[in-house]
Amino acid sequence: MANDTLNCLIGIVGYSPVLDTYPLGPRLMLGLERRFAGLEGIAIENMTWGPIHIVQHFQDDDGPRPARLILVGGSSSSASPGAVTAYKWGGGKLPATLLQERVYEAVTGIVDIDNTLAIGEHFGIWPAEVYVVEVDLPMNCFGDMVIADGDGRKTDVALSALVGFSPAASIVRVVDMVAALALGGREGEVLALKVATPLARGASFTRHHIARYEGPML
């Protein structure tokens, strides 16, 4: 697809092909492909790679030039397992030393949607319209599901009892939310903003995260 015809790019950050049932895995990809089948100007990419690779992908002469980008990934923290939430990316630059921490995490192999957003913002690769769809995944969700798969516990009922939410239902919610953002025109403007900001000082190991801004659109 030529870049000048790419209206919307959907990227799954942290995609894993290991488990069909994982909320960021093959069933999500299949669900998105089916929802947008036959529609021109929409592409779906497996963004398993780290943030630096993603930056290079967008900077390449043949890289994507979408008018709208939707990134799908896991939440940075877990408060309501299985919940699916959408945000509009509001940007924000981090101080150089704090950004360097993000880059360090990225090059050590951490694939994280917050890192991806902050690093991509620093390098100016994002289009004017960027949306984020997050799935609340408990810290041990992937490992627990791998063990369950090895034990033959592959039904959604069994997995729901194990991880505390229905992976199948979360996948459906992600597909529906992505479709609303990809096809819904300006409806995304009512979403809360997600912006880059450092954590408050005082922690023994200083980190920073992407904050949720509930105020008016800027």
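In this short talk I will walk through the fold of one protein chain, its central strands, its nonpolar cores and its largest pocket.

Please keep in mind from the start that what we are looking at is a predicted model. Let me begin with the chain as a whole, which has 218 residues, 45% of them buried. Its secondary structure comes to 7 helices and 7 strands, and if you read along the sequence you will meet them in the pattern β-α-β-α-β-β-α-α-β-α-α-α-β-β. If we take the contacts in the chain with a separation of 6 or more, 74% of them are between residues 24 or more positions apart.

Now let us turn to the strands, and I would like to start with strand 3. Which strands pair with strand 3, and in what sense? On one hand there is strand 1, residues 8-13, which pairs with strand 3 in the parallel sense over 5 bridges, and here you can find Gly11 standing opposite Leu71. On the other hand there is strand 5, residues 129-135, which also pairs with strand 3 in the parallel sense, over 7 bridges. In that pairing, Arg68 has Glu129 as its bridge partner, while Leu71, which we have just met opposite Gly11, stands opposite Val132 of strand 5. Strand 3 is largely enclosed by the rest of the structure, because 6 of its 7 residues are buried.

Strand 5 has another partner, namely strand 4, and this pairing is antiparallel, over 5 bridges. Two places to look at are Thr85, whose bridge partner in strand 5 is Glu134, and Ala86, which stands opposite Val133. Both of these strands are mostly covered, with 6 of the 7 residues of strand 5 buried and 6 of the 8 residues of strand 4 buried.

This brings me to the nonpolar cores. How many residues does the largest nonpolar core have, and which have the most contacts inside it? This core has 34 residues, and those with the most contacts inside it are Ile10, Leu28, Ile70, Val133 and Val178. Several elements each supply at least two residues of this core, among them strand 1, strand 3, strand 4 and strand 5, together with helices including helix 1 (26-35) and helix 7 (167-183). The largest share, 7 residues, comes from helix 7. A good residue to select on your screen is Val178, which, if we do not count residues up to four places away in sequence, touches Ile10, Leu32, Phe36, Ile70, Val72 and Val133. Apart from this core lies another one, of 26 residues, and its members include Val13, Leu94, Ala118 and Ile125.

Next, I would like to set two single residues side by side. Is Gly120, in helix 4 (residues 113-122), buried or exposed? Gly120 counts as buried, because its relative accessibility is 0%, and, leaving aside its neighbours within four places in sequence, it is in contact with Val55, Ile125 and Trp126. Although Gly120 and Val55 are 65 residues apart along the chain, their C-alpha atoms are separated by 6.0 Å. Val157, by contrast, is found in helix 6 and is exposed, with a relative accessible area of 68%. From the C-alpha atom of Val157 to that of Pro167, 10 residues apart along the chain, the separation is 9.4 Å.

Finally, let us look at the largest pocket, whose volume is about 460 Å³. Which residues are the closest to its centre? Of the 18 residues that line this pocket, the closest to the centre are Tyr22, Gly74, Ser75, Val111 and Asp112. Two elements give two or more residues to the lining, and these are strand 3 (68-74) and helix 5 (141-150). Sorted by class, the lining has 11 nonpolar, 6 polar and 1 charged residues.

To close, I would suggest keeping strand 3 in mind, since strand 3 pairs with strand 1 and with strand 5, supplies at least two residues of the largest nonpolar core and gives two or more residues to the lining of the largest pocket.

Terms used:
Residues are numbered from 1 along each chain as its sequence is written. This is a predicted model: local features need pLDDT of at least 70, side-chain atom pairs count only at pLDDT 80 or more; totals for chains, interfaces and linings use all residues. Side-chain values use heavy atoms; hydrogens and water are left out. On a 1 Å grid over the protein atoms alone, a cavity is a set of points where a 1.4 Å probe fits but cannot get out, and a pocket is an open set with protein on both sides within 12 Å along at least five of seven lines; lining residues have an atom within 4 Å of a point. Grid points are joined across faces, edges and corners, and a volume is the space filled by probe spheres set on the points. Helices (H or I, at least four residues) and strands (E, at least two) are DSSP runs, numbered from the N terminus. Ala, Val, Leu, Ile, Met, Phe, Trp, Tyr, Cys and Pro count as nonpolar, Asp, Glu, Lys and Arg as charged, and the others, Gly among them, as polar. Buried means under 20% relative accessible area, exposed over 50%, partly exposed in between (1.4 Å probe, protein chains only). Two strands pair if DSSP finds at least two bridges between them. A nonpolar core is a set of buried Ala, Val, Leu, Ile, Met, Phe, Trp, Tyr and Cys residues joined through side-chain atoms within 4.5 Å. Contact means heavy atoms within 4.5 Å.
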